[in-house]
Amino acid sequence: MDNIRQHVSFDENKFKNPQKEYRGLPFWAWNTSVTKDKVEKQIGDFKDMGLGGFVIHVRHGLMDEYMGKDFFDRVARSVDEAKKRDLLVWLYDEDRWPSGCAGGMVTKNRKYAQKYLTITKNKITSFPRDEAIRDGKPYLLAAYNVTLTPDGFLENCRVTDEENANLFAYVETAEGKPRYNGQAYVDTMNDEAIAEFIRSTYDVYFEKCGKDFGNTIEAIFTDEPQVARFEPLAFTDIERFTVAHFSWSDDFPSTYEKAFGENIIDRLPELVFERADGELSSTRYRYNEHVAVRFRKAYTKQIGDWCRSHGIAFTGHCLWEEGLQTQSKSTRDVMRTYPDFDIPGMDVLRGNFEYTTAKQCQSVARQSGKTRVMSELYGVTNWDSDFRDYIHQGNWQAAMGITARVHHLTWMSMQGVGKRDYPATFGYQAPWYLEFPKVEDHFARLNTMLTVGKPVVKIGVIHPVESFWFFCGSEDKTSAIRKARDVSFHDLCEWLIFDSYDFDYINESLIPEQYSNGYVGEMKYDAILVPDCITLRSSTIDMLKDMKKRGVQIIFAGGLPSHVNGVKNDTAEEFALDCDCIPYTREAISAELAPYATFELFRGNGQRADNYIHQERIIDGNRWLFITPAKEIYCKEDTTADDLTLHVVGNYVPSVYNTMSGNVYTPEYRQTNGDTFVTLTAHIYDSFLIQLSNGEKKFEIKEEPKIKKVPIRIPHKAKYTREEPNVLLLDMAEYSHDGVNFEAEEEILRIDTVCRKLYSLPSIMGKAAAQPWSVTDDPEHELWLRFCFDSDIEADVSLAFERLCEIRFNGQNIDTTPTGSYVDMDIYTVKLPKTKIGKNELLVKILVGKKYGAEPMYILGDFDVTLCGTDKTLTSPKKMIGYGDSATQGLPFYSGNLVYEHEIDTPDCDLEIAVTSYRGDLLTVSLDGEEKGSVILPPYRVKIKDVTSGKHTLRIRYFGNRHNTFGSLHCCITDTYYGPNHWYKEGDHFTYEYTLRKTGVLRAPKITVIEK
């Protein structure tokens, strides 16, 4: 299926008002009972958020049977609602992830379960091969007598019988896990197993909703498929020899021998040990190559072919794409799978800067002529990631080709473990969700340029993963060189992109299907860099030779290749010596590639701007550049600006397309002796979309009128209002199994863990648990919780909760019928009597079972909260709030929005409002009830024109995040990966005190009168 929604020309109307195909589609986590109300509300929310659609993504918590009748009724309802809203739908091919086993349905047949090769010095109980394959039991593949040198190198080996063996190779089948609803993951190298996966999932989707394929239903997403991971031996000396695991499939020996004419069983010990003669193992190279071939053939090609034949785009990503080490463990070679995807994709979590991940995906997409490249982004970054982070992360990925953004994650429900499923959420539960078009419009506008025209790329780089395979041996012998080569791989990518050299990787396995007449697919390069490769394929050498004849510069950096197709051979080195050979250093490589630079970027001090990356395209004969900062920003409050100078050869008239506002302006520039110099004022997050039109034209500098600026002093505190009731978090309770005998106070999730052990209940902690739909409804167990807190006031309050049976507040029985909700439709509220002055006691009875557990509760109302250690007291609400951390001012657990208000007196003037320090997602500024602008990025200013003299009401609306209510508040370590485990920390990583984040406007606004 053609996934390219490409217009021949850049369309300014689409830039100002971009359509749905340019907008993101978040993962929509189906993690509860899917209802009509939830479907209609949340799809409406997606439209209001400026999104282009959604990905129906089953997550932990699904109550409706996966792929059952009710499930497909909900899918059909969602598709119908998307049509009404003019949104796109992407399907998802698995019950949670990784994809391949259809929630365990495929691997109920044990012969389809994942296989792995175990090499060990110890015997394992094994069974006859046919029985073992049928029942998923271990079988002996071969026994060896190996001779090692004293320091653990392989001198020789021979296949022998068990009695005379000192090394054994077994084929084992993955055990069933709750993760796969009691079954195992699938053998992704088994054609038949993946065909069964297609029958169980893809065929059923086509039967149920195929009429919408290629229209409303645009694509289907596969998530993190992988082979059994390579787990190397730690030490090769026999005293410390443990066990090594390798990817396998039952027919692997026969297909390997057909491919290479070699019996791999005879040489399996070479996967574990380095050869004593110092030679690199061609068997190890061939083994890894064959794993990659088998995975692609069985999984991505088979599914991709099915999708194209059924009129739907295939998208998604494989596991662990970023480095040589990671992909050599998970898929062996991720790039070779990308041609099978109509919308090739990647996954960048933690807010990481994975340039190699993006570059690999972008390269094959460009070579394949695909303009849509997907990224699953923003995941696990926690509630306190803000709009600045989302823009910055999205910008560098856009520069590296990402045009389809899948936001991780939008929860259908926050009930139970849902609220701990890798926050934050991109949905109505976030207090800023209706402001999200400010982010989404920016990227949609950017995509109207990034999906048209032709990319300008002059440099190709041979991807070095195949040379890496030689070193996939034991940790003690090969880990150091693996690490060094992996670091070198990442370094080269960063050297090139931050020295303003765009490039494409060339994957050796794809050359036979890509290369013809000087073109790699649709791309033609002026220079090819071969980076410190040990081996090249004969097809690669043939391509390089042909390119050299056509005038392409061939550059070998670092060591010269000594092998061809994984076998020692002088051919590659002889060819290299006839090309340009340079050291593997940034300076040498940059100097050699200098003729292929298309522009230069300097700071105001004359130094090269080395934290920017770019993408360049030719559209309608004009040059377009997207330039963005692409390194971590450590100080969000930095408002300094740098005057960048963009230097391009030729006479051009520049236009800057402001992707945040949709406006277009002409920057200051000059044309000198056939060169154009463009001046750009850049703050730390600023990106630039620039059109360079051919032509000679002088920029006229207009004299700015002299203006008088007068600051208005305002108090360092303000009137304020909360947009939600304040909240007292109840997550510390005494607990009882009979309502009489209570245990000492404990944190709520620790109580749940104790109860689960006591009643032999399974974990419900996300991916460690089976899905609720697959779990029988066994009897649940009563648990009494007693929460105590102090109050200095008699306050009207409500209780927010998820599931309970009885409520007693200060001895009074309370009707449990919900009267409303708090933050999420599945967090219910009931009215409580007024608090009393002194100690207050809330006693509740809940049920704990296989599907549900104990969860925090929340007291809501108009009060302040004083927090001292773990002691909490309700106090009278203050009418004023100081600028600074609002969490320390009676709002420790509040996570909604705040409005700061000042009365100001002005003459006839323009106003400038500067709010340079905040911790939240964004701010908006209004004057006399009319919104005048947003504060998101530096310099954090809003200008208000034509203010009349007199008194005015200035309001600054702060948009918060949910961390201080729902975050991992007892985890006392700082991390970059926030998932369910953060709520279950032990030992020194757990604290009973609360690890709150700063919130609010941290510094008083600066107001400047600009007199007319």
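## Close-up views of a predicted model

**View 1. Four strands form an open sheet in the order 26-29-33-32.** The pairing in this sheet is antiparallel. Strand 26 (600-602) and strand 32 (669-672) are its edge strands. Each of these two pairs on one side only. From one strand to the next, the twist averages 20°. The whole model shown here is predicted. A general point helps in reading this view: strands of a sheet pair through backbone hydrogen bonds, either parallel or antiparallel.

**View 2. Strand 26 meets strand 29.** Strand 29 covers residues 642-649. The two strands run antiparallel, and 3 bridges join them. Which residue of strand 29 stands opposite Phe602? Look for Thr645.

**View 3. Ser687 sits in a loop between two strands.** Strand 33 (675-682) lies before the loop, and strand 34 (688-694) follows. Strand 33 also belongs to the open sheet of View 1. Which residues does Ser687 touch, leaving aside its neighbours within four places in sequence? The contacts are Asn395, His442, Phe626, Ile627, Thr628 and Pro629. Asn395 deserves a second look: a polar contact of 3.5 Å joins its side chain to that of Ser687.

**View 4. Ser687 and Thr753 are 66 residues apart along the chain.** What separates them in space? Between their C-alpha atoms, the separation is 48 Å.

**View 5. The largest pocket holds about 1,400 Å³ of space.** Its lining is made of 43 residues. Closest to the pocket centre are Asn658, Met660, Ser661, Pro939 and Arg941. Which strand gives the largest share of this lining? Strand 56 (residues 941-947) does, with 4 residues. Sorted by class, the lining has 21 nonpolar, 11 polar and 11 charged residues.

**View 6. The second largest pocket holds about 1,100 Å³ of space.** Here 39 residues form the lining. Find the pocket centre through the residues closest to it: Glu224, Gln226, Arg229, Leu319 and Trp320. How does the lining divide by class? In this pocket, 16 residues are nonpolar, 8 are polar and 15 are charged.

Conventions:
Residues are numbered from 1 along each chain as its sequence is written. This is a predicted model: local features need pLDDT of at least 70, side-chain atom pairs count only at pLDDT 80 or more; totals for chains, interfaces and linings use all residues. Side-chain values use heavy atoms; hydrogens and water are left out. Contact means heavy atoms within 4.5 Å. A polar contact is a pair of N or O atoms within 3.5 Å; within protein, one must be able to donate a hydrogen and the other to accept it, and residues adjacent in sequence count only if both atoms are side-chain atoms. Two strands pair if DSSP finds at least two bridges between them. Axes are lines fitted to C-alpha atoms, for helices over the stretch in contact, and angles run from 0 to 180 degrees between N-to-C directions. On a 1 Å grid over the protein atoms alone, a cavity is a set of points where a 1.4 Å probe fits but cannot get out, and a pocket is an open set with protein on both sides within 12 Å along at least five of seven lines; lining residues have an atom within 4 Å of a point. Grid points are joined across faces, edges and corners, and a volume is the space filled by probe spheres set on the points. Ala, Val, Leu, Ile, Met, Phe, Trp, Tyr, Cys and Pro count as nonpolar, Asp, Glu, Lys and Arg as charged, and the others, Gly among them, as polar.
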